[in-house]
Amino acid sequence: MTIMILEDDTALCSGIELALAAPGRQFVSCHSIAAAKTALQANTPDLYILDINLPDGSGLEFCKELRAAGYAAPVLMLTANDTELDMVTGLQSGADDYVTKPFSLAVLRARIDALLRRGSHGETKTACGGFTFDFETLRFEKNGQAIELSKTEARLLQILFTNKGQTVPRERLLELIWQDGTEYVDENALSVAVRRLRAKLEDDPSNPQHIKTVHGIGYKWAVYL
């Protein structure tokens, strides 16, 4: 169980870790959005605690990016604003709950435990057209047979499948898959990842029915639930 805490107040961050500490839980604490994006390269958190006001941007926008990239784990927002508009904005950004500062760490723990219980009762597998995808456990099947995907292939599939029926531009895919900086990524890396993913998912990779190329724009997942 991994919990990401995105909070620029280091003392508060440490206090949250102490309040939520439990057997089997580990924490990834970040003090900026840039640090959180880097941490996502090595971790797939089971829950996110996001401050809204951060040195390099907004936790609301980061939450939107998480949802757009297919991260489905619960998100709790920490906000210094208690107006109804701010609360609604947070929930519309993809958050599952929010806590207004200043808050009791006991209350925060209760909210987090409730979110984790809610998530533990949900089915993380999604079935579609002979496929079964579980992006939480990174287990994938085609017609009952396991498929081994690399981390890059899994991220690519997650983004396309989450946005099924919609074209995702190449530039956006590069940003979401290689979040630590696309300037270091070979321009053919995305094409190679798509080709390898098709080879594992498609019956006829040369005539793909699921991962469609939208020429001049990007790719889309063409199978609907």
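The overall composition of the protein, its second largest pocket and the helix α7 are described here.

The model is predicted; local features require pLDDT of at least 70 and side-chain atom pairs pLDDT 80 or more, whereas totals for chains, interfaces and linings use all residues. Residues are numbered from 1 along each chain as its sequence is written, and side-chain values use heavy atoms, without hydrogens and water.

The protein contains eight helices and 14 strands (DSSP runs of H or I, at least four residues, and of E, at least two, numbered from the N terminus). Of its 225 residues, 43% are buried (under 20% relative accessible area, 1.4 Å probe, protein chains only). Contacts (heavy atoms within 4.5 Å) between residues at least 6 apart in sequence join residues at least 24 apart in 57% of cases.

The second largest pocket (an open set of points on a 1 Å grid over the protein atoms alone, where a 1.4 Å probe fits, with protein on both sides within 12 Å along at least five of seven lines) holds about 230 Å³ of space (the volume filled by probe spheres set on the points, which are joined across faces, edges and corners). Its lining (residues with an atom within 4 Å of a point) comprises 17 residues, with Leu40, Gln41, Tyr71, Lys151 and Arg155 nearest the centre. Helices α6 (151-162) and α7 (170-177) each contribute at least two lining residues, and α6 contributes the most, with five.

In α7, the buried residues are Leu173, Leu174, Leu176 and Ile177. Their cover includes α3 (59-68), α6, β12 (168-169), α8 (189-201) and β14 (218-221).

Key
Buried < 20%, exposed > 50% of the residue type's maximum accessible area, 1.4 Å probe, protein only.
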